[in-house]
Amino acid sequence: MKIKEEFISASVNPRSHCLVACKSAPLVVYASSLQIAVQTIPNNDSEVGVIRSTSERRHQKPIAVLKRLKSAANVDEFVSGDVGSRVVLWKLNGEKVEYVADLSGCSGSVGSVCGVVESNRKVVAASWVQYPNNGFEAWWTTSSGELVHSRKIDLDQKAFALCLDAISLQNTVLLAVGTSKRFVELYGESDDKKTFKRLVSVAGHTDWIHSIAFNDDPFHLLVASAGQDTYVRLWSIEPESGPHHEAPKIPAAEEDVLDELTSSANLFQFNNSSYRCSSHAVMQGHDDWVHSTVWSENGRVLLTASSDKTCIIWREIDNLWRDDVRLGIVGGQAAGFFSAVFLNSHKNHSDSDSEDVVVSSSYFGGLHAWKSSDEQRTFWTSLPMTGGHVGEVRDVDWHESSFLMSVGQDQTTRVFAKSEKQQVYLEMARPQVHGHDMQCLSFVNPSVFVSGAEEKVFRAFRAPKSFVKSLETLTGVPSSKSFGSSRIAEFGACVPALGLSNKPMIEGETVDGEHWEEDAFRAAPTVLETAPTEDTLQQNTLWPEDHKLYGHGYEVYAVTANPRGTVLATACKSSHVEHSVVMLWKTEDWSKQAEIVGHQLTVTQIAWNPSGTVLLTVSRDRTAKLYKEKTGNLDGFAYECVWTSGKQHTRIIWGCDWLDDQRFVTAARDQKVIVWHSEGTPKAQIKLDEPVTAVAASGDVIAAGLQTGELVVLRVNGENLEIVEKVGTNPIPIDAAILRLRFSKCGKKLAVATSDAKLRVFEISE
């Protein structure tokens with residue numbers, strides 16, 4: 001049996017400094033929950049960036065910061081730190097990030113990292129915060145990553161090191177630190193190369209500093225700092241001419257009130273030379289916090305990213321630093337950028353010495369990219385990139401013929417389909433951008449799906465004409481094949497101000513606001529000719545809401561439709577019998593027809609057998625139940641319980657599915673996967689190494705998802721369950737549960753939704 005990973009969707013962690021550009025290839029590398037993802041840059045706006053790989057999980061908690069180690073060589077090595085205290089070294093090998101080493105010593109949550117690579121060593125630093133202490137740790141390693149020694153450097157108890165950057169000058173490392181006390185501090189490596197000592201502290205910002213960066217030009221060394229005061233400051237570090245000077249001592253009485261640079265107080269000794277740190281420029285252009293500062297490779301152009309929804313490219317023109325280019329987004333769902341990087345898109349980097357691509361990550365974890373085609377870098381075109389859910393991907397379902405849909409904790413519903421031109425999966429639409437965390441979904445017929453969020457209501461949505469036409473254009477699958485005779489909704493949809501319900505829009509309809517700013521936030525559905533960008537997805541690809549289904553007393557949890565699409569079964573969270581019911585709805589008019597009473601606690605999953613004659617439910621009460629319609633009517637609602645499991649499962653049953661009309665499978669936290677006859681007798685079972693959190697079946701093939709994120713593929717062989725393949729084994733124990741598994745209708749593709757924000761598609765063949 002061959003199992004091939006066909007698609008990965010992965011968002012960027014919504015934090016500053018989680019996105020890095022590669023030097024050796026036109027790739028971006030970014031932190032996505034517990035892993036590091038590698039994505040290509042599209043050649044033009046008719047293609048989409050593709051996620052090539054994700055690293056193994058070496059972090060037990062979400063990665064908070066990722067930086068590239070500075071090196072004169074054309075290699076890419078990285079350091080990452082998480083919200084625990086783990087710091088990890090990585091290297092890029094082809095299109096995959098590989099683990100190098102762990103660095104221990106941080107006493108709390110890692111806030112910033114940096115490092116440099118020299119010919120025979122690496123020097124890495126990471127700042128950490130844990131009440132009541134804070135500081136940063138420095139490590140000296142061999143070129144292969146083996147630890148030589150480390151040193152903890154304490155900061156003033158009232159200050160946090162919010163950002164770090166390093167540079168190697170004549171084989172001695174200089175460290176820049178931005179603090180919560182609004183100071184830029186420089187630390188120099190000691191003569192014995194075993195610690196760092198503070199050299200100088202300069203003031204200029206009026207609020208916390210979030211980003212700091214050397215331009216890496218030793219002949220004109222600049223440091224860019226930016227933060228919450230919206231200003232970008234440039235500091236010049238120059239050798240002091242003449243004999244060595246000692247930095248004069250500041251009287252204690254003046255030390256606390258010193259709030260500006262003076263010509264005498266900013267001299268310092270470094271590597272047996274005198275240097276002066278002075279204010280070089282103050283740039284104002286952003287209207288909100290500045291999260292990221294990145295220099296171009298030649299150190300002459302600066303890129304900043306801000307919460308004001310813009311990225312600015314700054315250049316020195318006629319001895320003045322100016323905001324030369326502004327890139328950004330306008331729309332109701334936009335909430336600014338956390339980071340931005342320069343990139344050279346040329347395959348062979350020697351072909352060009354100028355970066356022509358900007359990639360940024362947004363508040364919602366999406367990737368935005370722009371490419372310039374002219375030599376002056378004046379005109380920029382938006383490029384589509386692959387993103388993903390931010391937070392748990394909680395449910396996924398396959399359309400009958402042409403696409404895949406998922407819902408997640410990030411309050412969105414997303415559609416993925418395979419493009420005809422590029423033959424890769426791309427995000428086609430975001431039918432629902434909601435106000436509650438999403439929980440479950442199910443297709444009712446080719447044009448209608450029902451989703452449930454952490455509210456007491458299920459919502460039904462119908463595909464609009466703009467989506468139907470876009471799907472046909474991008475996938476090459478005729479709409480008659482995808483949707484048949486199913487009714488299609490109006491052209492598109494929009495969400496009214498202060499509303500949660502998607503309202504239909506007819507073609508060409510616009511809703512004029514009182515001011516032009518309001519018009520920018522209006523949905524403008526269109527037929528897509530190329531892969532959509534992140535801002536288009538957020539606002540212009542909504543589906544109209546068809547109906548709301550009221551009836552449950554608590555947050556809804558599970559939903560499925562029968563094979564004919566005429567009956568919908570739903571369930572909600574519950575701790576009492578009266579709320580642990582399965583409600584049955586008539587999809588023709590969305591009327592509630594019946595309640596099936598049986599379970600004691602929350603029903604976790606519901607599944608009809610392929611012919612639609614038997615309904616299977618599993619629950620937190622550790623039982624599975626089978627129900628049959630009394631009259632045998634496939635569209636009927638008079639279901640009665642015909643079987644309840646015994647004590648075969650001893651913990652919560654998380655998942656169930658049908659192999660065929662005669663056999664079904666259940667999976668539970670007790671690590672067991674059990675195959676049953678439809679009469680309710682166990683046929684085969686296996687106990688796996690970890691709790692089983694999801695299961696799906698196709699013929700004799702069963703996929704089981706574990707609490708650790710590992711996928712185990714099983715095969716039924718007579719009275720036995722045999723392990724065929726294990727995918728995603730972790731080197732360290734982690735909690736990244738697979739929450740849902742679904743085989744496509746043809747049974748050859750498996751969708752995997754995990755709690756660490758990944759959606760994957762595997763192709764399974766004999």
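Two strands pair if DSSP finds at least two bridges between them. Keep that in mind as you go through these views of a predicted model.

**View 1. The whole chain is built from 5 helices and 60 strands.** Its radius of gyration is 29 Å, close to the 27 Å that the globule rule gives for 766 residues, so the chain is as compact as a globular protein of that length. The C-alpha trace spans about 100 × 55 × 50 Å along the principal axes. Of the 766 residues, 59% are buried. Take the contacts between residues at least 6 apart in sequence: 52% of these join residues at least 24 apart. The chain has an accessible surface of about 30500 Å², and carbon and sulfur atoms account for 46% of that.

**View 2. Four strands, β50 to β53, make an open antiparallel sheet.** Read across the sheet, the order is β50-β51-β52-β53. At the edges you will find β50 (653–658) and β53 (682–687), each of which pairs on one side only. On average, neighbouring strands here are turned by 15° against each other, direction ignored. Now zoom in on one pair: how many bridges link β50 and β51? There are 5, and β51 (residues 663–668) runs antiparallel to β50. For a pair of residues to look for, try Trp658, which stands opposite Phe664 in β51. A general reminder helps here: strands of a sheet pair through backbone hydrogen bonds, either parallel or antiparallel.

**View 3. A second open sheet has 5 strands and mixed pairing.** Its strands come in the order β7-β11-β12-β13-β14. Why is one side of β7 and of β14 left without a neighbour in the sheet? Both β7 (70–71) and β14 (147–154) stand at the edges with a single partner strand each, so one side of each stays free of a neighbour in the sheet. Further in, β11 (residues 109–117) and β12 (residues 121–130) run antiparallel and are joined by 8 bridges. Look along this pair for Gly115, whose bridge partner in β12 is Val124.

**View 4. Ser345 sits in the loop between β28 and β29.** The strands on either side of this loop are β28 (337–343) and β29 (357–362). Is Ser345 buried or exposed? Its relative accessibility is 13%, and buried means under 20%, so Ser345 counts as buried. Setting aside neighbours within four places in sequence, Ser345 is in contact with Pro26, Asp356, Val357 and Lys371. You can also compare Ser345 with Gln60: the two are 285 residues apart in sequence and 33 Å apart in space, C-alpha to C-alpha.

**View 5. Ser486 lies in the loop between α3 and β39.** Here the loop is framed by α3 (479–483) and β39 (492–494). Ser486 has a relative accessibility of 18% and therefore counts as buried. Which residues does Ser486 touch, not counting those up to four places away in sequence? They are Asn445, Pro446 and Ser447.

**View 6. Residues 699–765 carry a domain annotation from UniProt.** In an unreviewed entry, UniProt gives this span the feature "domain: Anaphase-promoting complex subunit 4-like WD40". In the model, the span is 0% helix and 60% strand. Its end C-alpha atoms lie 13 Å apart.

Terms used. Residues numbered from 1 in each chain as written. Predicted model: local features only at pLDDT ≥ 70, side-chain atom pairs only at ≥ 80, totals over all residues. Heavy atoms only, no water. Helix = DSSP H or I, 4+ residues; strand = E, 2+ residues; numbered from the N terminus. Axes fitted to C-alpha atoms, helices over the stretch in contact; angles between N-to-C directions. Rg over C-alpha atoms; globule rule 2.2 N^0.38 Å. Buried < 20%, exposed > 50% of the residue type's maximum accessible area, 1.4 Å probe, protein only. Contact = heavy atoms within 4.5 Å. Areas by Shrake-Rupley, 256 points an atom, 1.4 Å probe, with all protein chains shown as cover. UniProt positions renumbered as here; feature names shortened; annotations may be inferred.
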